[in-house]
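Visitor: Please take a close look at a single part of this model, and then place that part within the rest of the chain.

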Amino acid sequence: MAIKRMRGSPSPPSIANTEAKRRSSSMPKWGQLVGDVLLPILNRLSFVDVQRAKTVCLHWNSVAKQLKLYTKFHRIPWLLIPPQDEESSASSDTNTKLFSIEEGQLYSSKYGASKEICYQGFCVGSSHGYMISINCERNTLFVFNPLTEKRTELPAMDTFLGRISEDMDNGGEYLIEFSPEAASDSRFYRGWTCSRQLREHFIQKAILSFDPCLNKSFGVVLICCQNSKIAFCQCGDSGAMSWMYLDAMDAPFHDIMCHENKLYVLANCGSLAVWDLGSDSFPVSTQTITSLFWSAPLRQTLNVSSDLYTSRLYLVESSGGVLLVVRRIGEFVDEEGRVLREGDLLTDKAAEPLVCAYRTLLFGLFRMDFDKETWVSITSLDDQAVFVGGNHSASVLACDLPGCEKNSVYFTDDYWERMNEDYLYGGHDMGVYNLEDNSVKHFYQLDALKIQPPPCWFLPNPW
């Protein structure tokens, strides 16, 4: 007997609709994933993958912002390549480039400060995802985040650095008048200088004491006045205070580092000064390790043909300790890696001198023994890698980071004294040094030896 559907009775659900509803109810609702579960997952992703995850939904974007509280999130520095000035590049590309070691990928970034960094000033430091730059036209320092464009102006430094007046001629050179005290501090001070040499004369390195997005009361620390002074300025909600000098032993000063509310200053002959940054107003000196002589292994590292090499010294926090990284740079190195004397560049066969740029060839490592107050030689970083140059030096656990080589030193060019001496090279000395086999290789190949402004390490900080 046939059964007829009664008029007005509801239609039976179709098989397709029933299956769709079943699948919909059984599919995971990723947007509803609780933050306590999602946050540890995001913390294991690379910086780029986190940025992609933030676009999934508003909830994921909100949870991702909490990553700034995770001290281990900023995993690995990126290489920041500023837009090149007209003298060192024929390219019209004005974008800043960011190179990821983890992905081996080059990204292009447009941000408002690019022109100011390249054409009006010079970056003097990179720290906690922020850049510290000097504006040569306005004689001011400022701190900014190239990803968020957050910016903090710092107090003027004219009087502080001994500058009385400054004018620019039609050729872009500066006529600077110094106070008698400043002019007598160093034989390197002189009246005429180009904008690139302002760094050589005034500010050699700049770092931040804290991440500004975690602590609004952060300090700015400088090595300035031809490595002869340590300067400090406190910033906070009410703005930046005035600059002050720190009495930090005998110059020259080689490097500065901040870690866990402490400022470390590497001074002459390996001496180390430690300052407490816990105060909201100014640092307090807590420890001074005076080394009248370098330790024997360190002296041996530094005295290798001193007329053929120069040295750069860096302080790096590693596994809670303080490392001294010694970088040996050959003054004139040919294509075969041989270190030459300057007189060897002139040959009877060539009318012009050989072009042999400076090049990094060797690294040495030392760890501070605070109990014995001496530097102890070490031969390995184990699973770690360190990043040095004009940046706030950093160490990472390489075994957790794809593309990052363990037991290696990644370096960029910070040989400011010779970076501008030749139009054929400068800013080029970048690579990765393997401490196991003492080899140097490129992690990113640029097209020219003249790179101006030079690339630097940068910790992406999108907060």
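**A hairpin and its surroundings**

Guide: The protein chain has an accessible surface of about 23,300 Å², and 51% of that surface belongs to carbon and sulfur atoms. This is a predicted model, and the chain averages a pLDDT of 78, with 71% of the residues scoring at least 70. The pLDDT is the predictor's confidence in each residue, from 0 to 100. The protein chain contains 10 helices and 29 strands. Of its 463 residues, 50% are buried.

The part to look at closely is strand β20, residues 309-318. Nine of its 10 residues are buried, so the strand is largely enclosed by the rest of the structure. Buried here means under 20% relative accessible area. Strand β20 pairs with strand β21, residues 321-330, in the antiparallel sense, over 10 bridges. One of the residues to find is S318, whose bridge partner in β21 is G321. Two residues lie between β20 and β21, and the two strands form a hairpin. In the turn, S319 has a positive phi of about 55°.

That sign deserves a short comment. Most residues other than glycine have a negative phi, and most peptide bonds are trans. The turn residue S319, with its positive phi, can be set beside two asparagines. N261 is not a glycine, yet it has a positive phi of about 65°. N261 sits in the loop between β16 (255-259) and β17 (262-266). Its relative accessibility is 37%, so N261 counts as partly exposed. N407 also has a positive phi, near 55°, and is a residue other than glycine. N407 is placed in the loop between β25 (394-397) and β26 (408-411). Here the relative accessibility is 10%, so N407 counts as buried.

The peptide bond from Q452 to P453 is cis, with omega near 0°. P453 belongs to the loop between β28 (439-441) and β29 (456-458).

Another strand gives a view of how the chain folds back. Q204 is a residue of strand β11, residues 203-208. Q204 has a relative accessible area of 8%, which means that it is buried. Along the chain, Q204 and V124 are 80 residues apart, but their C-alpha atoms are separated by 6.8 Å. For the chain as a whole, take the contacts between residues at least 6 apart in sequence: 53% of them join residues at least 24 apart.

At the surface, V34, V37 and I41 make a nonpolar patch of about 240 Å². I41 is part of helix α2, residues 35-43. With a relative accessibility of 43%, I41 counts as partly exposed.

Finally, confidence varies along the chain. Among its elements, β26 has the highest mean pLDDT, 97, and strand β10 (residues 192-194) has the lowest, 46. The pLDDT is below 50 over residues 1-6, a stretch with two contacts in the model beyond near neighbours in sequence. It is also below 50 over residues 182-195, and that stretch has 33 contacts beyond near neighbours in sequence.

Definitions and conventions
Residues are numbered from 1 along each chain as its sequence is written. This is a predicted model: local features need pLDDT of at least 70, side-chain atom pairs count only at pLDDT 80 or more; totals for chains, interfaces and linings use all residues. Side-chain values use heavy atoms; hydrogens and water are left out. Buried means under 20% relative accessible area, exposed over 50%, partly exposed in between (1.4 Å probe, protein chains only). Helices (H or I, at least four residues) and strands (E, at least two) are DSSP runs, numbered from the N terminus. Two strands pair if DSSP finds at least two bridges between them. Contact means heavy atoms within 4.5 Å. Patches are made of residues with over 30% relative accessible area and no salt bridge: like charges are joined within 9 Å, nonpolar side chains (Val, Leu, Ile, Met, Phe, Trp, Tyr) within 5 Å. Accessible areas come from the Shrake-Rupley method with a 1.4 Å probe; for residues, only the protein chains shown count as cover. A salt bridge is a side-chain nitrogen of Lys or Arg within 4 Å of a carboxyl oxygen of Asp or Glu.
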